[in-house]
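Biologist: I am new to this structure and would like to learn how to read its features. Please take them one at a time.

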Amino acid sequence: MSRDSLTRMTKIEVVARTADSDAVRRQIVASGATGYTSLPAVTGLGHHGAHEGRALFNDRDALTLTITVVPDDRADDLIDGLRSLLERSTGVMFVSDTYVSRPHYFS
Amino acid sequence: MTSLLPTTARILRARADAEIAASVIAPYYGLDAAIAVNPVLPSLRQGMPAALRDAAPALGARGGVSEQWARERFDAGRISRTELARALRERLDADHPAVGESDATLVARFLAGAGAVAEPPVADAVADAAEQAALGVDERVTSWCRAALAPEAAAWPVPVAELGFYGAWRAVAATDLTLPREARRRIEQAPLAADAALAAALEASGLPQADRAEALRRELARTPGFTAHVRWLAETRGDVEIVDLLAVRLTLRLALDAPLPSPAATLARPRRPRRDELGLDAVDRALVWQSALEARVHGRLLSRVRPEPPTPAASPAAHLVFCIDVRSEGIRRHLEQQGPYATSGFAGFFGIAAEVEPLAASAASAACPVLLSPRYRVSERPVPGAWRGAKGLVDRLAGGRAWRSALKAPDAVAGAPLGWAEMTGWLWGPVAATRSILAGAAGRDRRPDEPATAPATLFDVDSALTIDDQLDTAEVILRTMGMTAPDAPLVVLVGHGSTTVNNAFRTALDCGACGGHRGAPNARIAAAILNSEAVRAGLAERGIVIPAETVFLAGEHDTVSDALRIVDASALPASRRGELDTLLADAARAADALQRERAAELPGAARRGGRGRARLERRGRDWAQVYPEWGLARNAAIVIGPRSRTAGVDLERRAFLHSYDPVADADGRALETILTAPLVVAHWINAQYYFSAVDPDVLGAGSKTVHNLVGGAGVLAGPGGDLRIGLPWQSIGTRAGLHHEPLRLLAVVDAPLPRIDDIIQRADIVADLVFGDWVLLVAPGAEPGTWVRRTREGWQPYALDASMHTEEGAPGAAPQTTDRKEAA
């Protein structure tokens with residue numbers, strides 16, 4: 001399938017402490033985004049070293065990846081809003097172009 | 001006020017400012033299922049010194065011990081010159097010229113510096129005017145919070161369910177005749193959505209963007225209780241968030257011409273802290289006092305932890321697994337003295353991450369630590385043949401609920417409560433007088449959810465968990481508690497609960513690991529899983545062989561009476577009933593011994609009548625008793641290691657005890673689980689007691705005797721004001737002063753140092769606790785009897801003089817003179 005038949009949008013991904021991810025999700029919803037995907041207990045290596053996934057008896061002290069896709073004309077407001085939110089926390093944000101097959105799901 | 005809507009960008013910026021502003025205080029869980037939490041939890045990563053310097057003052061609270069209180073401890077001999085000098089040398093840089101001075105000189109210079117760091121009061125007309133305006137806003141906002149967050153207790157219906165927290169306020173306030181006409185008009189024109197209203201108010205304030213988050217933080221700090229509770233509601237129910245609370249505050253400010261003050265205008269303290277001649281500021285000094293205060297207690301407890309390697313014990317008649325709660329230490333110690341019993345410590349939810357639905361309950365509730373999301377729901381059902389009794393119980397409880405609801409119905413009608421009291425007061429007066437005179441000596445007051453008799457029930461584990469899930473759960477339980485080869489024919493999993501009446505903080509005395517509930521249901525579920533033949537067969541394939549004659553039973557330790565109750569005893573064959581009878585008889589003797597020990601500390605208990613278990617049990621039934629038990633007061637340490645390190649020694653009910661076998665945990669997974677969950681929970685509890693003690697006015701809940709309930713949300717001290725977070729005064733002190741000295745947790749971990757280091761490196765939360773100086777983590781050193789402490793700089797030798805002097809308020813000290821009446 002060619003990308004010509006798809007609709008270009010903006011994908012925003014945020015990795016933040018699980019305790020901070022509620023605020024990230026609230027910000028996404030307030031921006032008018034129609035949804036998000038949340039992946040709890042992600043693992044990896046980053047600026048603060050290696051991160052394990054969820055501990056056996058502790059869901060809270062882990063990292064959560066939150067993903068949303070928004071039309072380009074809404075992206076800048078949300079990006080600014082998320083940057084503001086992450087100013088004083090350890091979360092990171094990735095912004096990229098993406099293509100979707102059902103644009104009406106996202107706008 | 002403008003009704004023009006702010007742009008989405010400004011709304012999102014305002015929301016971010018609100019979230020940042022609120023990130024200074026932890027969620028407050030309310031009283032329906034009270035959970036201990038570090039009130040400055042969001043600052044955990046920054047470390048305790050930073051939290052004392054920034055987070056606590058941002059809430060208007062003192063974070064560390066006061067200079068005056070600590071000096072009194074020094075003058076009374078509770079802190080010695082040696083201990084203070086040692087703490088000072090730890091705090092000062094190694095090349096500080098004062099480090100080489102004698103103890104006497106160094107301490108004298110330190111004591112002389114107290115006045116140098118005291119902040120003089122600032123006379124500021126602008127700040128005073130802002131304060132007066134804020135007081136009026138506070139009163140209206142807290143009044144609304146009480147109505148909106150506990151609508152069942154509101155004087156009249158409020159449309160929160162339909163319009164939301166802010167929307168309902170906007171609708172009600174626009175017609176509130178106690179507000180000036182112009183204010184009502186402005187409120188009516190405010191944006192409909194909370195975030196838009198907040199953004200509009202921030203724009204109207206004229207504050208530069210850089211000051212807004214700080215200005216909002218100061219607004220929230222005026223009502224830390226409701227702020228903390230709204231944070232919890234945002235995380236759980238999601239129908240109110242911090243933006244709503246701030247939207248109400250700022251819209252009201254604009255409507256009343258009380259503009260949001262600039263942080264610079266109300267800055268009451270200089271940005272550069274004052275320092276004494278040693279170069280220490282007030283927070284440095286508080287930390288010095290803190291270390292000095294801890295040295296004696298930590299040293300004494302550590303000196304009692306056995307330094308030698310564990311030695312195998314003879315096969316016990318029964319093995320009892322208790323919660324790690326400090327109150328378990330006493331009953332374990334006394335029980336082990338009664339006979340051939342082994343005991344272990346494990347988080348009291350016994351690895352059951354469940355929502356539990358008791359028989360006839362109106363809803364299920366999470367019965368696991370708040371660190372965990374429940375994975376499944378387990379319902380209580382009557383055993384086959386007990387349906388008739390179960391129906392009778394359900395009917396009785398429903399009838400009781402309907403009766404109580406009918407009695408409260410007039411409360412929902414404006415003006416009716418007074419008339420209702422006039423009509424029915426004559427009926428309740430004699431009842432109240434009887435309860436007061438008998439004071440728990442006759443009859444038995446029960447919690448509404450506590451039936452007098454109950455049918456035989458079971459927890460329907462098979463409907464909640466597949467056999468594979470049960471097998472996984474069983475393996476986790478046994479490996480984490482180090483019981484891969486059960487050594488006794490009878491194993492009892494003992495939860496705990498507190499039987500008290502007329503006690504708003506009842507759930508704070510129940511099991512925190514069970515989400516602020518009694519622990520018996522979790523113990524019953526775990527025992528049922530571990531008795532399952534299919535599970536045992538699976539465990540054997542995984543290398544855990546449970547002998548066929550081993551039976552797991554569930555029990556519950558009542559922390560008021562110290563009685564041990566066995567549930568589901570039918571799991572034990574009738575031919576072995578004698579084993580249980582012997583255990584219960586020994587447990588009763590252990591309870592009596594422990595009661596004598598506890599009675600010496602409980603205000604008024606030593607001189608009041610009664611014998612044996614009835615004496616303290618009656619206190620729990622006394623509706624006027626504000627000291628039914630001390631809960632987890634005086635907690636000061638957690639020991640993670642085999643029981644052989646602590647068996648036979650008196651840890652004064654001050655230590656959490658988590659069993660751990662370093663030999664059986666070669667890959668360190670069990671230790672990682674313990675350090676990332678039970679240690680965290682123990683710290684939360686320790687921090688709640690700590691902050692409630694260092695600043696009872698802001699971070700404690702005040703005296704029980706003036707509390708008014710706000711539904712299940714919390715309490716007020718008096719008729720109005722902010723929700724009170726933290727512990728009531730009767731949980732931490734008496735009229736004679738603090739019973740709970742604010743001490744940080746000494747974490748004694750019996751494990752190889754590289755294993756601990758690996759976990760610190762992998763788990764941020766453990767690194768935050770250890771490197772942030774929230775807990776003092778020590779482990780056995782290379783030489784037997786030596787200890788090393790983990791700091792950012794690595795493992796450092798750790799040695800404290802174990803002074804055996806009796807401290808104020810410690811066991812053996814003179815009985816306290818305060819009784820419940822005087823404590824008012």
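The dialogue below goes through chain A, one of its residues, the contact between the chains, and some helices of chain B.

Modeller: This is a predicted model, in which local features need pLDDT of at least 70 and side-chain atom pairs count only at pLDDT 80 or more, while totals for chains, interfaces and linings use all residues. Residues are numbered from 1 along each chain as its sequence is written, and chains are lettered from A and ligands numbered from 1 in the order in which they are written.

Biologist: How many helices and strands are there in chain A?

Modeller: Helices (H or I, at least four residues) and strands (E, at least two) are DSSP runs, numbered from the N terminus. Chain A has two helices and six strands, in the order β-α-β-β-β-β-α-β from the N terminus. Its C-alpha trace spans about 45 × 30 × 25 Å along the principal axes.

Biologist: Which share of the residues of chain A count as buried?

Modeller: A residue is buried if 20 or more other C-beta atoms lie within 10 Å of its own, exposed if 12 or fewer, and partly exposed in between, with C-beta atoms placed from the backbone. In chain A, 36% of the 107 residues count as buried.

Biologist: Where is Ile79(A), and is Ile79(A) buried or exposed?

Modeller: Ile79(A) is in helix α2 (residues 72-86) of chain A. Ile79(A) has 18 other C-beta atoms within 10 Å, so it is partly exposed.

Biologist: What is Ile79(A) in contact with, leaving aside its neighbours within four places in sequence?

Modeller: Two residues are in contact if their C-beta atoms, placed from the backbone, lie within 7 Å. With those neighbours left aside, Ile79(A) is in contact with Ile12(A) and Val95(A). For chain A, among contacts between residues at least 6 apart in sequence, 77% join residues at least 24 apart.

Biologist: How many residues does each chain bring to the contact between chains A and B?

Modeller: Chain B gives 27 residues and chain A gives 24 residues. On the side of chain B that touches chain A, α1(B) gives the most, with nine residues. For classes, Ala, Val, Leu, Ile, Met, Phe, Trp, Tyr, Cys and Pro count as nonpolar, Asp, Glu, Lys and Arg as charged, and the others, Gly among them, as polar. That side of chain B has 14 nonpolar, four polar and nine charged residues.

Biologist: At what angle do α1(B) and α11(B) cross?

Modeller: Axes are lines fitted to C-alpha atoms, for helices over the stretch in contact, and angles run from 0 to 180 degrees between N-to-C directions. Angles under 35 degrees count as roughly parallel, over 145 as roughly antiparallel, 65 to 115 as roughly perpendicular and the rest as oblique. The axes of α1 (residues 8-22) and α11 (residues 209-221) of chain B come within 8 Å and cross at roughly 50°; the two helices are therefore oblique to each other. The residues of this contact divide into seven nonpolar, no polar and three charged.

Biologist: What about α10(B) and α13(B)?

Modeller: The axes of α10 (residues 194-205) and α13 (residues 242-255) of chain B come within 8 Å and cross at roughly 45°, which makes α10(B) oblique to α13(B). The contact of α10(B) with α13(B) has eleven nonpolar residues, one polar and two charged.

Biologist: Which residues of α23(B) are buried?

Modeller: Leu583(B), Asp586(B), Ala587(B), Ala590(B), Ala591(B), Leu594(B), Gln595(B) and Arg598(B) are buried in α23(B).
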